[in-house]
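User: I'd like to go through the pockets and salt bridges in this one. Can you tell me what earns each label?

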Amino acid sequence: MKEYSAYLFDLDGTLVDTAPDLMDALNHALNSISLPSVNLELTRKWVGFGGRVMLKQAMESFSNEHNVEPDIEHLYRVFVDYYRAQTSEKSQPYPDVIDTLQKLYQRTGKLAVVTNKAEHLALKCLDELDLTRFFNVVVGGDTLQVAKPEAEPVFYACNELEVKTADTLFVGDSKTDLDCARNAGCDVVIMADGYYGNVEPQSMGADAIISTFRELI
């Protein structure tokens, strides 16, 4: 694969399989208003736009069965409080992530995370999994006034890394990541087994689809 001056990574479904912990927090919030639990498949489908959107999508999935109109902000606080307490209890980096990050960091010294997870939760996840050491910059969904798929998070990360977007590769797993990278002028690679939602990787139009992190090096 072509070498780049910098590498930007999505977090959930790309670097780390966070769905088990997100599912537990989501179900805790849903159960708090007497709604049933959801499974991992649905959780992975809804990850990508942040916790509020995930809760809204879960609520929409029950709209025909339960006459509930929750306060999303209150439900989000319930979700975050639970998730903050066990951010990485079940989450794990995907195979070959640590080895690949080590090699890329040795090569360029310029790696960043660009995620729609709240910044403090992203930092906590990275810290607990001993991944923070690889990243010069972490851009969360609330770091700026806009989040992915807008281009600004990538522009911000590249500015902090002092690189051009044209010399940067974005590694993600969803159409949100692809659109963000394209809007900013980055090449983009999609992980085949990530949280890609309703849009299959093969139909996104990425520069490449990879099944293992080793393909980046």
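Analyst: Sure. Keep in mind that this is a predicted model. The largest pocket has a volume of about 460 Å³, and Phe49, Gly50, Gly51, Asn116 and Lys117 lie nearest its centre among the 29 residues that line it.

User: Which helices supply at least two residues each to that lining?

Analyst: Helix H3 (51-61), helix H4 (72-85) and helix H8 (175-184) do. By type, the lining divides into 13 nonpolar, 8 polar and 8 charged residues.

User: What makes arginine 84 and aspartate 81 a salt bridge?

Analyst: The cut-off is a side-chain nitrogen within 4 Å of a carboxyl oxygen. Here the closest N and O atoms are 3.2 Å apart, so the pair counts. The two sit 3 residues apart in helix H4, which means about one helical turn separates them.

User: Why is arginine 84 called partly exposed?

Analyst: Buried means under 20% relative accessible area and exposed means over 50%. Arginine 84 comes in at 35%, so it falls in between. Aspartate 81, at 48%, is partly exposed by that rule too.

User: How do you know that lysine 124 and glutamate 128 form a salt bridge?

Analyst: Their N to O distance is 2.5 Å, and the limit is 4 Å, so they qualify. Lysine 124 has 24% relative accessibility, so it counts as partly exposed.

User: What does the salt bridge between lysine 148 and aspartate 177 tie together?

Analyst: The closest N and O atoms there are 2.6 Å apart. Lysine 148 lies in the loop between strand E5 (137-139) and helix H7 (152-161), and aspartate 177 in helix H8, so the pair links parts 29 residues apart in sequence. Both lysine 148 and aspartate 177 are buried.

Terms used: Residues are numbered from 1 along each chain as its sequence is written. This is a predicted model: local features need pLDDT of at least 70, side-chain atom pairs count only at pLDDT 80 or more; totals for chains, interfaces and linings use all residues. Side-chain values use heavy atoms; hydrogens and water are left out. On a 1 Å grid over the protein atoms alone, a cavity is a set of points where a 1.4 Å probe fits but cannot get out, and a pocket is an open set with protein on both sides within 12 Å along at least five of seven lines; lining residues have an atom within 4 Å of a point. Grid points are joined across faces, edges and corners, and a volume is the space filled by probe spheres set on the points. Helices (H or I, at least four residues) and strands (E, at least two) are DSSP runs, numbered from the N terminus. Ala, Val, Leu, Ile, Met, Phe, Trp, Tyr, Cys and Pro count as nonpolar, Asp, Glu, Lys and Arg as charged, and the others, Gly among them, as polar. Buried means under 20% relative accessible area, exposed over 50%, partly exposed in between (1.4 Å probe, protein chains only).
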